[in-house]
Structures are given as structure tokens and as C-alpha cells.
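Please find below my notes on the structure you sent. They are set out as numbered points, to be read alongside the sequence and the model.

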Amino acid sequence: MKERYDIVVIGGGASGLAAAITAARRAAGATVAVFEKKERTGKKLSATGNGRCNISNIRCENPEQVMDFFGSVGISVRRDEEGRLYPYGEEASEVASLLTACAVNEGVEIFLNSEITGMEAEPCGGFLLFVGQKRAAVHARNVLLAAGGKSYASMGTTGDGYIMARKLGHDVIRPVPALTGVEVCEDLSPIKGVRTKAEASLFKNGEMIFAERGEVQFRADSLSGICIMNMSRHIRRDGDYEVIINSVCDFRPEELRQMLQDRFAIKGLTAEEALKTLVKKPLAQRALRMAGIEPEAKAALFAGGEGMEGRERLCRELCEMRFKVKGLKGWNEAQVTAGGISLAQVDELTMESKLISGLFFSGEVLDYDGPCGGYNLHHAWLTGIRAGKGMAERCTEFTR
């Protein structure tokens with residue numbers, strides 16, 4: 001470990017590695033180091049997308065810039081029908097390994113098990129960093145804070161970057177879990193484990209603020225699935241929230257009413273049998289009981305005009321399963337962090353602080369959170385590349 005570096009990157013994740021590679025390539029002769037608190041770089045990156053690594057999305061901001069970077073480090077990608085991008089071999093660990101190799105080949109020094117435990121801005125410019133519990137001192141002309149957020153703390157992202165940024169005078173928007181499960185007040189044990197295609201809507205104080213179709217997963221105490229995780233980004237502690245699940249969203253209400261009327265008129269069926277192939281058995285049983293109909297009751301009892309009221313209640317239960325929001329699943333289940341270092345204090349073209357020259361930010365430490373589908377990892381690449389260019393430019397200006 002040298003005493004001085006031109007560029008120090010705090011955090012060896014996706015954003016930090018992209019920045020280090022970019023900076024080393026664009027600032028010939030500059031000394032670049034990455035300090036990673038865990039035993040290997042890219043630990044969280046290796047676990048993304050259930051190990052498949054949804055690295056970007058064609059709908060993201062500036063896809064060309066990120067794709068050019070992928071090509072420059074040898075990452076081949078494939079696109080799915082939704083526009084999500086994956087490494088062609090769908091091995092997240094290979095992406096982390098390749099990026100690490102490219103960084104080393106560009107002359108970047110990587111220090112593992114090396115937590116930055118403190119940072120101070122020096123009076124004449126630059127920064128003094130303290131490494132590990134022994135607080136070995138390292139001087140850096142430029143520092144990139146790419147320490148991540150607070151999701152998946154076991155991967156090393158424990159909010160360290162927020163503490164450092166605050167000590168240096170930056171505002172931090174309160175971090176909260178995002179892209180996570182939604183806890184509800186109702187007991188979902190009878191439908192635990194059910195997965196169904198549905199439309200999920202979120203209401204705040206009676207007003208709908210979010211709706212999305214997708215697979216909904218029912219757990220004993222919570223809802224999950226991609227559309228639910230995207231919904232979680234809109235839930236805060238500032239109101240009463242309710243989730244409505246429409247498990248038959250492909251049918252208009254009048255179509256569903258006619259369907260139920262026809263099915264309940266079929267000879268010999270029970271009420272539960274009348275819902276077969278429409279919704280899964282546990283959901284059918286729950287909807288029937290909520291509508292005041294026993295699943296084993298003869299469907300004929302609720303056919304015709306005399307059964308209209310019961311069928312109407314059932315139609316409503318199928319279209320509008322209501323759940324009162326209790327809260328969000330915690331940091332260990334959240335895929336990303338909402339909140340972080342205020343973007344108002346960062347130049348988003350270079351990712352340099354507007355308050356302190358030579359200090360840069362990238363990745364999840366910033367106040368950004370996007371939906372599922374590669375948006376958050378894309379933001380990590382993009383801001384890392386921009387920060388790498390910004391730091392390289394400062395190094396080049398210094399040597400002119």
C-alpha cells in the first residue's frame with residue numbers, strides 16, 4: 001500500500017470497479033486504488049438476479065454509454081423479451097471476476113478486507129483516509145465514495161458511505177428499504193405459497209398512487225413478486241396504505257359476472273368447483289368464504305336471480321382482494337436502498353461533489369432507486385463511468 005494515490009475508490013462493487021477501470025484508462029500514469037471491506041470484490045454483484053445478473057435494460061438512461069463499457073471489458077450480453085439485459089452466459093460471478101481482472105490489468109491496486117474507517121478533507125486539497133482498525137493513513141488527491149447503500153448488509157453495504165458524506169457536510173435523504181416485500185395486517189397463512197398473475201394497486205389515504213400487473217406471491221405475513229417490489233418504492237410512513245389485488249384482471253366486471261352466473265348454473269358443481277381453472281384453489285376458497293359462500297356448497301344455490309347477491313360479493317372478492325399495509329420487509333430482503341446522498345449536491349455529469357473538490361459519488365450511495373429490471377445496476381455502471389471520467393479529468397488537469 002502506497003502512502004499517496006491520485007485516485008482512491010471506496011467500495012469494490014459494480015460502480016466502484018467501473019469507475020476504477022475508466023479512470024485508469026483515461027488518466028495514463030495515475031495511481032488508482034480500490035479499497036474493499038469484504039474478502040472479495042463484487043460480492044453483491046455476484047448475487048444479483050438470483051445469480052444471473054440483470055445488468056441493465058434497454059429502456060435505461062444512456063444505454064449506449066454503458067454498452068460501450070461492457071464491450072470494452074469483454075462482457076457479452078443477451079436481451080430478453082422485456083428489454084432486460086443479462087450477461088450472455090447468465091453468470092453474475094463471472095461479471096464480477098472479469099471486472100476485477102480488467103481493473104488489475106489496467107494497473108489498479110485492489111485491497112481486500114480493507115475497510116475505510118474514516119476520511120478527512122485536507123486543508124490544501126485532497127483527502128486523508130484511515131484504513132482498518134489500526135487506521136493506517138493514506139492520502140488521496142481524488143476519492144470516489146462507492147460504498148453502496150444499506151440493503152443486503154451481509155454483502156458489506158451497511159451505510160458507511162452515508163456517515164462519511166454527512167461528516168463532510170453533505171445532506172443524506174433518509175435511507176429506507178426499497179424493492180422489497182410488503183407486510184400486511186391480514187393473516188395470509190391459508191394462501192401462503194400461492195403465486196398468481198394479477199394486477200396490484202396501491203392506495204394512499206384512499207387515492208390510487210400505483211398500479212402494475214405481474215406475478216404476486218403470497219407469504220404468511222406479506223406480499224411479494226416484482227410488481228409488489230416495485231410498489232414498495234412508493235410506501236413511506238406518511239399515511240394509510242392499502243393494497244388491492246385483482247386476480248382476474250383480464251376480465252371486465254360485467255364479463256366476470258356473466259361467467260360466474262354461467263358456471264354456477266352447471267349441474268352438480270360445488271361452489272369451489274365452479275371456480276376451477278379461473279383462480280387457484282386456495283384463492284378460490286378464500287374468496288368464497290369472504291363472500292359468505294362455503295366452498296363445498298352446491299353452486300346451484302347461488303345460481304339464477306336468487307344467488308345474485310352472493311355472486312356479486314364473490315365477484316368483488318376476486319377483483320378486489322384488500323390488504324391493509326403494515327410496513328415493509330427490512331434491509332435483509334430489500335434489493336436496493338431508497339434515499340441517500342442528495343443529488344442536489346452532486347454534478348450529475350461528473351458525479352463530483354458541489355461542496356468539496358475531488359470528492360465523487362456513484363452507485364447506490366446516491367439518492368436514486370429505480371424499478372426492477374436492471375435499472376438500479378445500470379445506474380451503478382453509468383454513475384461509476386461518469387465518476388471515472390471526472391476523476392481522470394482532474395488528474396489530467398493537474399499534470400498539465
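1. In this predicted model, strands β15 and β16 run antiparallel and are joined by four bridges. Within that pairing, V243 stands opposite F323 in β16. Strand β15 is also joined to β12, by six bridges, and these two strands likewise run antiparallel. Here K204 is the residue that stands opposite Y241 of β15.

2. Is strand β15 enclosed or open to the outside? The strand covers residues 241-246, and five of its six residues are buried, so β15 is largely enclosed by the rest of the structure.

3. Helix α9, formed by residues 281-290, has L283, A284, R286, A287 and L288 as buried residues. The partners against which these buried residues pack include two strands, β12 (195-204) and β13 (207-218), as well as β16. Helices also take part in this packing, namely α7 (253-264), α8 (271-274) and α10 (308-319). After α9 comes G292, which has a positive phi, near 80°.

4. Strand β16 also appears in the lining of the second largest pocket, a space with a volume of about 370 Å³. Twenty residues are not equally placed around this pocket: of the 20 that line it, I235, R236, R237, G327 and L328 are the closest to its centre. The elements giving two or more residues to the lining are β10 (172-178), β16 (321-328) and β17 (336-341). By class, the lining is made up of nine nonpolar, seven charged and four polar residues.

5. Two residues other than glycine deserve a check of their backbone. L179 has a positive phi, near 50°, and lies in the loop between β10 and β11 (182-184). With a relative accessibility of 1%, L179 counts as buried. E90 also has a positive phi, near 55°, and is found in the loop between β5 and α4 (92-105). Its relative accessible area is 25%, which makes E90 partly exposed.

6. Strand β5 belongs to an open sheet of three strands, in the order β3-β5-β4 and with antiparallel pairing. Strands β3 (56-57) and β4 (77-79) stand at the edges with a single partner strand each, so one side of each has no neighbour in the sheet. The antiparallel pairing of β3 with β5 (residues 84-87) extends over two bridges. In this pair, S56 stands opposite L85 of β5.

7. Which residues touch the most other members of the largest nonpolar core? In this core of 69 residues, they are L99 and W381. The helix that gives the most to the core is α11 (residues 375-399), with nine residues. If neighbours within four places in sequence are left aside, L99 is in contact with L17, I21, L45, F69, V73, I75 and W381.

8. Another core lies apart from the largest one and holds 46 residues, among them L202, L223, M259 and A271.

Terms used
Residues numbered from 1 in each chain as written. Predicted model: local features only at pLDDT ≥ 70, side-chain atom pairs only at ≥ 80, totals over all residues. Heavy atoms only, no water. 1 Å grid on protein atoms, 1.4 Å probe; cavity = no way out; pocket = protein on both sides within 12 Å on 5 of 7 lines; lining within 4 Å. Points joined across faces, edges and corners; volume = space filled by probe spheres on them. Nonpolar A, V, L, I, M, F, W, Y, C, P; charged D, E, K, R; others polar. Buried < 20%, exposed > 50% of the residue type's maximum accessible area, 1.4 Å probe, protein only. Contact = heavy atoms within 4.5 Å. Pairing = 2+ DSSP bridges. Core = buried A, V, L, I, M, F, W, Y, C linked by side-chain atoms within 4.5 Å.
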